[in-house]
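The following exercises concern the structure displayed below. Each task is followed by a solution that proceeds step by step.

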Amino acid sequence: MTFKAIALALIGAAAVAHAAATQAQTSHSQGPFASEQALVAYWQAQNFGQTEIFLDGRKVHARTTGFGPPLTEMYFTCKNSSLDIRVHCGHYKDPDYDLSGLIDLFDSNNHTRPAYLRDAYLDGHLFVDVPDSVNGTGSYWKTCIGDPSRNYPGGIPYYLFQAVVPGFSPPPPVPKCPPRSSQKLP
């Protein structure tokens, strides 16, 4: 009986620790931040254990020690909406790591009207096929690859709006992704 009680106590303690780590991972600020310096200062003051923080694809903060599952968070400079730094800017012309969310913002004109579903193309290939739309008509998106992270050793992906192409127009010009960072963090 004693072994069973100890085992149950250990399992309970592990569950509480896991729940605390999960809660810690979901309770951080998603913005707004006024500058890169404010974002980095916020994360330097946090006690989240292992963290990797990216801004527009560049790694701007890393903590390699700590307890709990590692946290990787991506922030973006919101140039077309709030003019600050956030996890999600809320405008389809601003970058984001959630392509489906960006397409929804585009289709609903940033949630100002009901969605007009259209095809969506990612890197020149059909990504969302709307059955009653005309092929070639829709939104075009570009994949950018940021600095490497522990979860994305080849570089962390995010997406940029490219253009709207009506009818059978030629594909739009490809936007340039920001260069990857060459700076090494301690």
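## Exercise 1: Disulfides

Cys144 is buried, its relative accessible area being 0%. The model under study is a predicted one.

**Task.** Determine to which residue Cys144 is joined by a disulfide, and characterise the link.

**Solution.**

Step 1. The partner of Cys144 is Cys177, with an S to S distance of 2.0 Å. This distance satisfies the criterion that the sulfur atoms lie within 2.5 Å.

Step 2. About the S-S bond of Cys144 and Cys177 the torsion is about -80°, so this disulfide is left-handed. Cys144 belongs to strand E7 (residues 138-145), while Cys177 lies in the segment after strand E8 (157-165); the pair therefore ties together parts that are 33 residues apart in sequence.

Step 3. Cys177 has a relative accessibility of 26% and so counts as partly exposed, since partly exposed covers values between the buried limit of 20% and the exposed limit of 50%.

**Task.** State how many disulfides the count gives, and describe the link of Cys78.

**Solution.**

Step 1. The count comes to two disulfides. Cys78 is joined to Cys89, with 2.1 Å from S to S.

Step 2. Cys78 is located in the loop between strand E3 (71-77) and strand E4 (85-86), and Cys89 in the loop between E4 and helix H3 (99-107), so the bond connects parts that are 11 residues apart in sequence.

Step 3. The link of Cys78 and Cys89 is left-handed, with -80° about the S-S bond. Both Cys78 and Cys89 are buried.

Step 4. With bonded cysteines counted along the chain, the pattern is 1-2, 3-4.

## Exercise 2: The four-stranded sheet

**Task.** Establish in which order the four strands form the open sheet, and which strands stand at the edges.

**Solution.**

Step 1. The order is E6-E5-E7-E8, and the pairing is mixed.

Step 2. E6 and E8 each have a single partner strand and stand at the edges, so one side of each has no neighbour in the sheet.

Step 3. On average, neighbouring strands of this sheet are turned by 35° against each other, with direction ignored.

Step 4. E7 and E8 run antiparallel and are joined by eight bridges. Cys144, the disulfide partner of Cys177, stands opposite Tyr158 in E8.

Step 5. Strands E5 (residues 119-122) and E6 (residues 125-128) also run antiparallel, joined by three bridges. The bridge partner of Leu122 is His125 in E6. Two residues lie between the strands of this hairpin, where Asp123 takes a positive phi near 55°.

Step 6. Helix H3 lies across E5, E6, E7 and E8 and runs at about 150° to E7.

## Exercise 3: Nonpolar cores

**Task.** Identify which residues have the most contacts inside the largest nonpolar core, and which elements give two or more residues to this core.

**Solution.**

Step 1. The largest nonpolar core has 13 residues, and Leu39, Trp43 and Tyr75 have the most contacts inside it.

Step 2. Helix H2 (36-45), strand E1 (51-55) and E3 are the elements that give two or more residues to this core. H2 gives the most, namely four residues.

Step 3. A second, separate core has 11 residues, including Leu102, Ile103, Leu105 and Trp141.

## Exercise 4: Salt bridges

**Task.** Among the salt bridges of the structure, trace which residues are linked in a network with Glu52.

**Solution.**

Step 1. The structure holds four salt bridges. One of them joins the side chains of Lys59 and Glu52, at 2.9 Å from N to O.

Step 2. Glu52 also forms a salt bridge with Arg150, whose closest N and O atoms are 4.0 Å apart. This pair links distant parts of the chain, as Glu52 is in strand E1 and Arg150 in the loop between E7 and E8, 98 residues apart.

Step 3. The network thus consists of Glu52, Lys59 and Arg150.

Step 4. Glu52 counts as buried at 5% relative accessibility, and Lys59 is buried as well. Arg150 is partly exposed, with a relative accessible area of 33%.

**Task.** State with which residue Arg58 forms a salt bridge, and whether Arg58 is buried or partly exposed.

**Solution.**

Step 1. Arg58 pairs with Glu36, the closest N and O atoms being 2.7 Å apart.

Step 2. Arg58 lies in strand E2 (residues 58-63) and Glu36 in helix H2, 22 residues apart.

Step 3. Arg58 is partly exposed, with a relative accessible area of 25%, and Glu36 is partly exposed with 29%.

Key. Residues numbered from 1 in each chain as written. Predicted model: local features only at pLDDT ≥ 70, side-chain atom pairs only at ≥ 80, totals over all residues. Heavy atoms only, no water. Pairing = 2+ DSSP bridges. Buried < 20%, exposed > 50% of the residue type's maximum accessible area, 1.4 Å probe, protein only. Core = buried A, V, L, I, M, F, W, Y, C linked by side-chain atoms within 4.5 Å. Axes fitted to C-alpha atoms, helices over the stretch in contact; angles between N-to-C directions. Contact = heavy atoms within 4.5 Å.
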